[in-house]
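Hi,

Here is the model I promised to pass along. Have a look at it first, and my notes follow underneath.

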Amino acid sequence: MQQRRRRDDGIGLDELAQAARNHGMPLEAMRAAVTPAGMHYLLIHYDVPFVDPAAWTLELAGFRQPMRLSLDDLRARPVVTAPVTLECAGNGRVMFETRPLSQPWLLEAVGTAEWTGTPLAPLLQEAGVPDGTVEIVFTGLDRGVEAGNEAPFERSLPLDEAMRDDVLLVYAMNGQPLLPQHGAPLRLVVPGWYGMTHVKWLGGIAPAAQPFEGYQQAVAYRLRTTEDEPGEPLGRIRVRSLMVPPGIPSFPERTRVVGAGPVTLEGRAWSGSGAIERVEVSVDGSRTWADAHLEPAPAPYAWQRWTFEWTASQGEHELACRATDATGATQPMEAEPNLGGYANNAVHRLAVTVTA
């Protein structure tokens with residue numbers, strides 16, 4: 001049973017060990033459409049495997065025509081660059097009343113990069129997917145111990161998802177070769193899915209005739225309320241919006257101070273299930289809401305910028321924002337708790353002090 005802590009408990013040294021290795025994106029970075037690589041959120045489950053790109057190969061085993069490809073082989077294939085928003089499934093974990101011992105995310109586990117690589121589907125077609133295949137399994141070169149067993153980080157995708165035109169094998173980020181911490185020399189990018197799906201340090205791809213039962217698929221990254229239930233696997237990113245904190249912060253508390261008068265509030269909104277159709281903003285503690293100005297999406301799975309003009313009056317205010325996507329899904333006021341602290345897409349609230 002995983003150790004759990006209440007929201008107001010102090011962060012332990014074990015959690016600090018996670019927080020020191022991983023980092024979120026400062027919310028002010030949402031002012032940029034593309035997140036600089038060094039500011040993009042980062043989650044590393046085990047250790048970073050430092051791989052010699054010249055010696056590395058990607059193995060496709062179990063297909064009709066098994067293949068082993070070098071990085072040069074992949075670069076010689078058709079090239080696609082796409083802006084894609086990635087969000088960790090645990091983003092907002094510490095906002096739940098209780099949390100598991102894991103990376104203590106607040107709201108910053110998100111980022112949008114321009115990913116460059118080659119489409120996965122044509123490669124699978126060339127390799128020849130065997131009859132009866134239901135999933136494609138992706139194996140990373142990073143290894144760790146989970147529940148007493150050593151294993152690599154592995155995840156699978158249903159065959160129809162793996163064959164989407166926009167799923168990429170990526171070797172560059174924002175026009176530069178992948179950094180070691182972001183999965184060099186090759187990673188998977190599955191637009192619209194939570195971050196655990198985008199396997200880094202990719203070493204192998206294989207077909208599976210049965211649903212994959214590895215730890216990161218069958219145990220972790222599942223929505224459950226008790227230890228005994230199997231839970232529902234996480235997949236696409238739930239609709240969400242976040243606000244760039246206005247004004248300036250105090251140190252070290254980072255409470256916000258804003259000058260009275262006209263203030264342009266801004267932020268980003270995204271969803272794994274369709275374009276954002278509406279963003280609403282409240283400046284009175286979520287009692288009333290008004291529509292923000294929503295800019296067009298730069299790409300199907302890239303976040304959208306929104307702005308809202310506010311005349312700030314002196315005093316204490318609670319600001320909030322919420323988004324609605326093309327499926328009609330809207331952010332809830334409160335997220336439904338679950339043991340893993342996953343998929344918290346509750347309305348973003350932000351307290352500010354307005355000075356004269």
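**Salt bridges, a sheet and two cores**

Let me start with the charges: there are 20 salt bridges in the structure. Keep in mind that this is a predicted model, so treat what follows as a reading of that prediction.

One pair that caught my eye is Glu161 with Arg164, where the closest N and O atoms are 2.7 Å apart. Both Glu161 and Arg164 are buried. Then there is Glu334 with Arg349, at 3.5 Å between the closest N and O atoms. Glu334 sits in the loop between β23 (315-325) and β24 (348-355), while Arg349 belongs to strand β24, so this pair ties together parts that are 15 residues apart in sequence. How exposed is Glu334? Its relative accessibility is 59%, so Glu334 counts as exposed. Arg349, at 32%, counts as partly exposed. You will also find a network of salt bridges that links Arg5, Asp14, Glu15 and Arg99.

Now to the sheet I spent some time on. Five strands make up an open sheet with mixed pairing, in the order β3-β2-β12-β7-β8. Its edge strands are β3 (67-70) and β8 (149-158), each of which pairs on one side only. On average, neighbouring strands in this sheet are turned by 25° against each other, ignoring direction. Helix α3 (residues 120-127) packs on the sheet and touches β2 (57-60), β3, β7 and β12 (202-208). The direction of α3 makes about 140° with that of β3.

At the β8 edge, β7 (residues 135-146) pairs with β8 in the antiparallel sense, over nine bridges. If you want a spot to click on there, Gly144 has Ala151 in β8 as its bridge partner.

At the other edge, β2 and β3 run antiparallel and are joined by four bridges. Their hairpin has six residues between the strands, and Gly62 in this hairpin takes a positive phi near 90°. Which residue of β3 is the bridge partner of Glu59? That is Arg68, and the side chains of Glu59 and Arg68 also meet in a salt bridge (3.4 Å, N to O). Arg68 is exposed, with a relative accessible area of 51%, and Glu59 is partly exposed at 36%. In a regular strand, side chains alternate between the two faces of the sheet. You can follow this along β3: Met67 and Leu69 are on the covered face, and Arg68 and Ser70 on the uncovered one.

Finally, the nonpolar side. In soluble globular proteins, nonpolar side chains tend to be buried together. The largest nonpolar core here has 37 residues, of which Trp115, Tyr221, Leu234 and Tyr342 touch the most other members. Strands β4 (80-87), β6 (110-119) and β9 (168-173) each supply at least two residues of this core. Tyr342 is a good place to zoom in: leaving aside residues up to four places away in sequence, its contacts include Ala89, Phe96, Tyr221, Leu223 and Leu234, as well as Arg93 and Arg222. A second, separate core of 30 residues includes Leu58, Phe63, Val129 and Ile136.

That's my tour for now; shout if you would like to go through any of it together.

Cheers

Key
Residues are numbered from 1 along each chain as its sequence is written. This is a predicted model: local features need pLDDT of at least 70, side-chain atom pairs count only at pLDDT 80 or more; totals for chains, interfaces and linings use all residues. Side-chain values use heavy atoms; hydrogens and water are left out. Two strands pair if DSSP finds at least two bridges between them. Axes are lines fitted to C-alpha atoms, for helices over the stretch in contact, and angles run from 0 to 180 degrees between N-to-C directions. Contact means heavy atoms within 4.5 Å. A nonpolar core is a set of buried Ala, Val, Leu, Ile, Met, Phe, Trp, Tyr and Cys residues joined through side-chain atoms within 4.5 Å. Buried means under 20% relative accessible area, exposed over 50%, partly exposed in between (1.4 Å probe, protein chains only). A salt bridge is a side-chain nitrogen of Lys or Arg within 4 Å of a carboxyl oxygen of Asp or Glu.
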